[in-house]
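Okay, everyone, let's get started. Have a look at the model on the screen, and I'll walk you through it.

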Amino acid sequence: MTSRTVTLLDVARAAGVSKSTVSDALQGSGRVAAATRDRVRAVAEELGYRPNSAARRLRRSSTGAIGLHLPRTATRLDYYMNLAFGAVERAQEEGFDVMLLAPTSIAGGGDSRGSGDSAGPTSPASPTSPAGTPSPAGPTSGPIASRVDGLLVIDPEVDDSAVPGLLDAGVPVVTGERYLGPTAAPTGAVICDNAASLTALLDHVTERGARHPAVLAPAGTSAWATTLRATADSWARKRGVAVALRTVPFAATPGEAGETTLALLRTDPSVDAVICAPDGAAPGVLRAAATLGRPVGPGPLPPAAPHARTATATHPRTPLLIASCVDGTATRSAEPPVTAVDLRPAAYGRACAELLCDILAGRTTPDTVRRHAWALETRAST
């Protein structure tokens, strides 16, 4: 059936069920047995069936679109672009278009974080697609609920004035990570165990010989940023290991990370491992190490405690371990390649969109929280 469009009737005939059963099974509605639903979906996939999104919108009086709100710095970071494309891919499988919402495109207007970065290359009043082209919805034309069926809000910050309006927009909202603010809770959330990932990095560098690690933690009020700062402090207290904690911008550039690292190592040369949180900033830490003549990677250990820190300070060429809280092109292509946490952003975006689609279709209940897995990728830098 590859020569023409596959219809619901084609799927019904192949699965041996009625057309209405196929419709209910694919939309997650009605009373369809689990085995029948699975068989119908398998047949639909085998035949290459794609839902008629226009017809679905008419049947349910929906807009056929979902909104995606990202942090203002998103356009500079590989992580958020990969996440956005993962969300778009999953939403399109359900017949939804995705609008990338600029800060003032939400109901009630308002600005997001007080940085000079734009949410996209178009006018701040205009919702855009992840590719940056104007959405068919055009400029702001009314409450956000009249233009989308649901919303994805990624890494919401407490001081982002756009978020309360989004959470109270009157449509289901799924957040990527928890929202720590005092306003209405989202309909659902997909979360990572960010405390566990930083703990794994700190444990890893100490197992590789580090005795005085440092963490360049992100500023800001998102759950990710606050969790990393709190985890660095709690890990230090539990392990009895001094951690030099420095705060850098949420989307610190390599230059900003490098300047912070230079100041840190000049002030405290006993630091023998640097874990850099922001996406893409780790090469700046590598350049700082090179500037100070610190070789990167495992090497001969400094003398044992209690005089380790004094001894390290007198040996400026003591090896420095470097790791990142976010994996990406910058960490994989660095020289040497940098150990990092792979947060699997495309899969994360898919998971967020899938939860929203499941809520919209009635396949899962509101208040659902799903967890997203990460992986530690160890490389030559540690």
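So, which residue just after α10 takes a positive phi? That's Gly293, with a phi of about 70°. Before going on, some housekeeping: this is a predicted model, where local features need pLDDT of at least 70, side-chain atom pairs count only at pLDDT 80 or more, and totals for chains, interfaces and linings use all residues. Residues are numbered from 1 along each chain as its sequence is written, and side-chain values use heavy atoms, with hydrogens and water left out. When I say helix or strand, I mean DSSP runs, H or I of at least four residues for helices and E of at least two for strands, numbered from the N terminus.

Let's stay with α10, residues 282–291. Seven of its ten residues are buried, so the rest of the structure largely encloses this helix. Buried here means under 20% relative accessible area, exposed is over 50%, and partly exposed is in between, using a 1.4 Å probe and protein chains only. The buried ones include Val285, Leu286 and Ala288. They pack against β6, α9, β8, β9 and α12, with contact meaning heavy atoms within 4.5 Å.

Several of those strands sit in a sheet. It's an open one with six strands, ordered β7-β6-β8-β9-β10-β12, and the pairing is mixed. Two strands count as paired if DSSP finds at least two bridges between them. At the edges are β7 (244–248) and β12 (375–377), each with a single partner strand, so one side of each has no neighbour in the sheet. On average, neighbouring strands are turned by 20° against each other, ignoring direction. Angles come from lines fitted to C-alpha atoms, for helices over the stretch in contact, and run from 0 to 180 degrees between N-to-C directions. Over five bridges, β6 (213–218) pairs with β7 in the parallel sense, and Ala214 has Ala244 in β7 as its bridge partner. Helix α7 (194–207) packs on this sheet, touching β6, β8, β9, β10 and β12, and its direction makes about 160° with that of β8.

Now the other sheet. Again six strands in an open arrangement, β2-β1-β3-β4-β5-β11, but here the pairing is parallel. The edge strands are β2 (97–100) and β11 (368–372); each has a single partner, so one side of each is left without a neighbour in the sheet. Inside it, β1 (65–69) and β3 (150–154) pair over four bridges, with His69 opposite Val153 in β3.

Following β3 takes us to Asp155, in the loop between β3 and α6. Its phi is near 50°, positive in a residue other than glycine, and Asp155 is buried at 7% relative accessible area. Arg344 also has a positive phi, near 50°, but Arg344 is partly exposed at 34%. One more backbone oddity: the peptide bond from Glu335 to Pro336 is cis, with omega near 0°, and Pro336 is in the loop between α12 and β10.

Asp155 brings us to the last topic, as one of the residues closest to the centre of the largest cavity, along with Tyr79, Tyr80, Trp224 and Val326. The lining has nine nonpolar, one polar and three charged residues. That's my tour; over to you.

Conventions: 1 Å grid on protein atoms, 1.4 Å probe; cavity = no way out; pocket = protein on both sides within 12 Å on 5 of 7 lines; lining within 4 Å. Nonpolar A, V, L, I, M, F, W, Y, C, P; charged D, E, K, R; others polar.
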